[in-house]
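Before the terms used for a fold are accepted, it helps to ask what each of them rests on. The exchange below takes up a few such terms in turn.

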Amino acid sequence: GSNGEAAFVDEDEAERIVATVREGVPRDRVLLVGTGRQSTRATIAATTRAAKAGADAVLVLTPFYFKSQMTQEALAEHYRAVADASHVPVLLYNFTNVTGLNLTPDAVAALAGHPNIVGLKDSNGDIGQVAGVVARVPADFTVLVGAAATLHPAIVVGASGGIVAVANVAPEVCVRLYDLARAGKHDEARALQRRLTPLAHAVTAGYSIAGLKLAMEIAGYVGGEVRSPLRPAKPEARDVLRRLLLELTQ
């Protein structure tokens, strides 16, 4: 995925990564792999390789290089072709900050009728759009958000959950927030959301992937270095991230 620096991973390397991860992920846990590429042909090929390597489902980012030509009709045709060819379920991936494109609620609703398109990850942070999607898709269509700052409000409007960067640093807190929101304990969920958001912002918009990896190191995990042309986190980031993590977990 994005925080795994997928854009910098070679195709043969991606296949090895999926196979390696599959060895460590129990079969009762879903291994979701990003396979979005710029062409339909390349996306189908990447999806096929991921499925063979052990992916349970794939997450397909909207192709964006020729964005002026990527109408809702073109995107729908792309996704249907990928879903038709895929041996595992497909989730749509809408991330306008990266792609410059927005997959509209109406387009998502139309694609939700495909038997092999089972969900959506929307990383735009637009709760109104999430609510619009939820209102238009079947109840068993999985709607996920990609911004931790919107996790609680997204669940309130009917989202199933989220795939969020900060969960790599503070997974227990993210699970607690999810559980509180799903249980309808909204006062507690709102309070925890307020505490989580500063760290979530720091490891995304603030310090980006380098900051996320540094925060993982601070939390006792293995973050590692970023690949060029990304740059390491600035020296002052360590103190800021350590403080934010302490404030969240103490």
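The questions and answers that follow concern a predicted model, and they go from the sheet to the helices and then to two backbone details.

Q: How do you know that strand 1 and strand 2 pair, and in which sense do they run?
A: Pairing requires at least two bridges between two strands, and three bridges join strand 1 to strand 2 (residues 57-61), so the pairing criterion is met. The two strands run parallel, and within this pair Leu-32 stands opposite Ala-57 of strand 2.

Q: What makes strand 1 and strand 6 the edges of the sheet?
A: The six strands form an open sheet in the order 1-2-3-4-5-6, with parallel pairing. Strand 1 (32-34) and strand 6 each have a single partner strand, so one side of each is left without a neighbour in the sheet.

Q: How do you know that strand 5 pairs with strand 4 and with strand 6?
A: The requirement is at least two bridges; strand 4 (residues 117-122) is joined to strand 5 (residues 142-145) by four bridges, while strand 5 and strand 6 (residues 161-162) pair over two bridges, so both pairs satisfy the definition. Val-145 takes part in both pairings, as the bridge partner of Asp-122 in strand 4 and as a residue whose own partner in strand 6 is Gly-162.

Q: Which elements make up the right-handed β-α-β units that include strand 5?
A: One unit consists of strand 4, helix 6 (residues 127-136) and strand 5, and another consists of strand 5, helix 7 (residues 151-156) and strand 6; both are right-handed. Helix 6 lies across strand 3 (90-94), strand 4 and strand 5, and runs at about 175 degrees to strand 5.

Q: Why are helix 1 and helix 2 called roughly parallel?
A: Helix 1 and helix 2 pack at an angle of about 30 degrees, with their axes 8 Å apart. Angles under 35 degrees count as roughly parallel, and helix 1 and helix 2 are therefore roughly parallel to each other. Their crossing is right-handed, and the contact brings Glu-11, Glu-15, Val-18, Ala-19 and Arg-22 of helix 1 against Arg-49, Ala-50 and Ala-53 of helix 2. By class, the residues of this contact are four nonpolar, four charged and no polar.

Q: Why does the description "roughly parallel" apply to helix 2 and helix 3?
A: Helix 2 (residues 40-53) and helix 3 (residues 72-85) pack at an angle of about 30 degrees, and their axes are 9 Å apart. The cut-off is an angle under 35 degrees, and helix 2 and helix 3 are therefore roughly parallel. Helix 2 contributes Thr-40, Thr-43, Ile-44 and Thr-47 to the contact, and helix 3 contributes His-78, Ala-81, Val-82 and Ala-85; four of these residues are nonpolar, four are polar and none is charged.

Q: What is the omega value of the cis peptide bond that joins Ser-228 and Pro-229?
A: For this cis peptide bond omega is about 15 degrees. Pro-229 is placed in the loop between helix 10 (208-218) and helix 11 (236-249).

Q: What is noted about the phi of Glu-5, given that Glu-5 is not a glycine?
A: The phi of Glu-5 is positive, at about 55 degrees, although Glu-5 is not a glycine. Glu-5 is located in the segment before helix 1 (11-24).

Technical notes
Residues are numbered from 1 along each chain as its sequence is written. This is a predicted model: local features need pLDDT of at least 70, side-chain atom pairs count only at pLDDT 80 or more; totals for chains, interfaces and linings use all residues. Side-chain values use heavy atoms; hydrogens and water are left out. Axes are lines fitted to C-alpha atoms, for helices over the stretch in contact, and angles run from 0 to 180 degrees between N-to-C directions. Angles under 35 degrees count as roughly parallel, over 145 as roughly antiparallel, 65 to 115 as roughly perpendicular and the rest as oblique. Contact means heavy atoms within 4.5 Å. Ala, Val, Leu, Ile, Met, Phe, Trp, Tyr, Cys and Pro count as nonpolar, Asp, Glu, Lys and Arg as charged, and the others, Gly among them, as polar. A crossover is right-handed if, with the strands pointing away from the viewer, the path from the first strand over the helix to the second runs clockwise. A crossing is left-handed if the near helix is turned anticlockwise from the far one by less than a right angle, and right-handed if clockwise.
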